[in-house]
Amino acid sequence: MNKRLRVLFVCSGNSCRSPMAQGMLRAKLPASLSQRVAIKSAGTLGINGQPATALAIRAAREYGADLSNHLSQGLSEKLTDWADLILVMEKAHLEFIKENYPEAVGRTHLLRAYGRTLHEPSGDEEIPDPIGGSLATYRECAHLIATELDRILPLLSELVQAREPGAEGATQ
């Protein structure tokens, strides 16, 4: 059996953005990829064992994701070593990884910038933290994440195919 592509989403507390991205990507993966991609999430604040916020659960559910069993986990060397691809929400998360897990820098990207060319601007490259906001704020965040996940799904498919026997190598 081929090794699965391992994707790690990172935000601050692992209670809103990264679990939404984790659950929404899992819901969006086509059947042809669902068994070939493993997905986890973590937070830079090191908070462990907390559920996703109620509004994150509600907003993600609108995209077919179930976060009801999510428990937060702090980012660790074990997780960064596990991941083939690390997608973060803010530049501060990139800096955190650069300072604490420098071996993971080459596998770490802003979600909104991942796979874009220099000629393909993303506008604001960060996904704002909805914590403390209204349901509308969480819905805006979920919409941004869903848009980016739809954009990178073909890239993830290419990465999975590049891992198949006989493939020439990764594309990213």
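Here is a short back-and-forth about the predicted model shown above.

Reader: Let's start in the middle. Which residues have the most contacts inside the largest nonpolar core?

Author: As a rule, nonpolar side chains in soluble globular proteins tend to be buried together. In this model, the largest such cluster has 38 residues. Those with the most contacts inside it are V7, F9, M20, M24 and L25.

Reader: And which element gives the most to this core?

Author: Several elements chip in: β1, α1, β2, α3, β3 and α6 each supply at least two residues. The top contributor, with 12 residues, is α6.

Reader: How many residues are in the other core, the one lying apart from it?

Author: That second core includes L75, I86, Y101 and L110. Its residue count is 14.

Reader: Back to F9 for a moment. What is F9 in contact with, once its neighbours within four places in sequence are left aside?

Author: F9 is one of the residues with the most contacts inside the largest core. Its partners include S18, A21, Q22 and L25, and also I39, K40, S41 and A42. The rest of the list is L87, M89, L111 and L149.

Reader: Now α1. What is the distance between its end C-alpha atoms, and what should its 12 residues span?

Author: At 1.5 Å a residue, the expected span comes from one less than the number of residues. For the 12 residues of α1 that gives 16 Å, and the end C-alpha atoms agree, being apart by 16 Å.

Reader: Is α1 mostly covered or mostly open, and what does the covering?

Author: Nine of the 12 residues of α1 are buried, so "mostly covered" is the fair description. The buried ones are R17, S18, P19, M20, A21, Q22, G23, M24 and L25. What covers them includes β1, β2, α3, α5 and α6.

Reader: What do the buried residues of α3 pack against?

Author: In α3 the buried residues are A56, I57, A59 and A60. They pack against α1 and α6.

Reader: Something about the backbone: what is odd about the phi of N14?

Author: Most residues other than glycine have a negative phi. N14 sits in the loop between β1 and α1, and at 0% relative accessibility it counts as buried. It is not a glycine, yet its phi is positive, at about 60°.

Reader: How many disulfides does the structure hold?

Author: A pair of cysteine sulfurs has to be within 2.5 Å to count. The sulfur of C11 is 6.8 Å from its closest cysteine sulfur, in C16, which is too far for a bond. C141 is no better placed, because its sulfur is 7.4 Å from the closest one, again in C16. The total is zero.

Reader: Are C11 and C141 buried or exposed?

Author: The cut-off for buried is under 20% relative accessible area. C11 has 2%, and C141 has 3%. So C11 is buried, and C141 is likewise buried.

Reader: Which rings make up the aromatic pair, and is the pair stacked, edge-to-face or tilted?

Author: The count comes to one aromatic pair. Its rings belong to F96, which is partly exposed at 25% relative accessible area, and Y101, which counts as buried at 12%. The ring centres of F96 and Y101 are 6.3 Å apart and the planes are at 55°, so the pair is tilted.

Reader: Which residue lies over the face of W82?

Author: This one involves a residue that F9 also contacts. At 4.5 Å from the ring centre of W82, the residue is K40.

Reader: Which residues does V37 contact beyond its sequence neighbours?

Author: V37 is found in strand β2 and counts as buried, at 3% relative accessibility. Its C-alpha is separated by 9.2 Å from that of S157, though they are 120 residues apart along the chain. Leaving aside neighbours within four places, its contacts are R4, L5, V7, L29 and V160.

Reader: What separates the C-alpha atoms of R4 and R163?

Author: R4 is in the segment before β1 and counts as partly exposed, at 34% relative accessibility. Among the residues R4 touches are S34, D84 and R163. R4 and R163 are 159 residues apart along the chain, and their C-alpha atoms are separated by 8.3 Å.

Notes: Residues numbered from 1 in each chain as written. Predicted model: local features only at pLDDT ≥ 70, side-chain atom pairs only at ≥ 80, totals over all residues. Heavy atoms only, no water. Helix = DSSP H or I, 4+ residues; strand = E, 2+ residues; numbered from the N terminus. Buried < 20%, exposed > 50% of the residue type's maximum accessible area, 1.4 Å probe, protein only. Core = buried A, V, L, I, M, F, W, Y, C linked by side-chain atoms within 4.5 Å. Contact = heavy atoms within 4.5 Å. Phe/Tyr/Trp six-rings, centres within 6.5 Å; stacked < 30°, edge-to-face > 60°. Lys NZ or Arg CZ within 6 Å of the ring centre and 35° of its normal.
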